[in-house]
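Ready for a little practice in reading a fold? Grab a pencil and work through the exercises below, checking each solution as you go.

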Amino acid sequence: MKHLAMAVVVKQGKVLVQKRYRAEKGMVLEFPGGKVGLDETGTDAAIRELAEETGIRGLKHTATYTKVNQLGGRIYFVILRANEGVEPKAADASIKQEFSWMSPEIIPQDDFHPADREFINQYLQQYSLIPA
């Protein structure tokens, strides 16, 4: 059972999405994130993964949603607010990271995992409409 945490960074009505290389799937679109460690919460894991993958730190935590993921563990969607000047930086050239700020309605959901699509459709719009 693997627990996962996704950092959902919202800035000026848009959401940070990364395109990255995964050996088993090629280029994929996803929120920055990864595995939850044994000694951390889902929220802490998302914040750590965001810092490791993008260099972004010190964002305001707004909410955390959780559900069962397709691997039988938990998935945590952690909503974080970014100020206007916050920009991600690629952390690892081998995974060919590209970042985009996207309005929720134009996120290409077919590229995301089912749990991500469900989160995008049920919850994301409300956070992109609320000013920081």
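Keep in mind that this is a predicted model.

**Exercise 1.** Find the bridge partner of Lys-11, then work out how the strands around it are joined.

*Solution.* Start with the residue: Lys-11 has Lys-14, in strand 2, as its bridge partner. Next, look at the strands. Strand 1 and strand 2 (residues 14-22) run antiparallel and are joined by 2 bridges. Finally, check the turn: this hairpin has 2 residues between its strands, and Gln-12 takes a positive phi near 50° there.

**Exercise 2.** Which strands, besides strand 1, pair with strand 2?

*Solution.* Take strand 3 (residues 26-30) to begin with: 5 bridges join it to strand 2, and the two run antiparallel. One pair to look for is Tyr-21 with its bridge partner Met-27 in strand 3. These two strands make a hairpin with 3 residues between them. Now move to strand 7 (residues 98-102), which pairs with strand 2 in the antiparallel sense over 5 bridges. Here, Gln-18 stands opposite Phe-99 of strand 7.

**Exercise 3.** Describe the largest pocket and its lining.

*Solution.* First, the volume: about 370 Å³. Then count the lining, which has 17 residues; among those nearest the centre are Lys-2, Arg-22 and His-113. Sort the lining by character and you get 5 nonpolar, 5 polar and 7 charged residues. Last, ask which strand gives the most to this lining. That's strand 4, with 3 residues; strand 1 (4-11) and strand 4 (33-35) each supply at least two.

**Exercise 4.** What does UniProt list for residues 1-125?

*Solution.* The unreviewed UniProt entry gives "domain: Nudix hydrolase" for that stretch. Over residues 1-125, the chain is 20% helix and 38% strand.

How values were computed: Residues are numbered from 1 along each chain as its sequence is written. This is a predicted model: local features need pLDDT of at least 70, side-chain atom pairs count only at pLDDT 80 or more; totals for chains, interfaces and linings use all residues. Side-chain values use heavy atoms; hydrogens and water are left out. On a 1 Å grid over the protein atoms alone, a cavity is a set of points where a 1.4 Å probe fits but cannot get out, and a pocket is an open set with protein on both sides within 12 Å along at least five of seven lines; lining residues have an atom within 4 Å of a point. Grid points are joined across faces, edges and corners, and a volume is the space filled by probe spheres set on the points. Helices (H or I, at least four residues) and strands (E, at least two) are DSSP runs, numbered from the N terminus. Ala, Val, Leu, Ile, Met, Phe, Trp, Tyr, Cys and Pro count as nonpolar, Asp, Glu, Lys and Arg as charged, and the others, Gly among them, as polar. UniProt positions are given in the numbering used here, feature names are shortened, and annotations may be inferred rather than shown by experiment. Two strands pair if DSSP finds at least two bridges between them.
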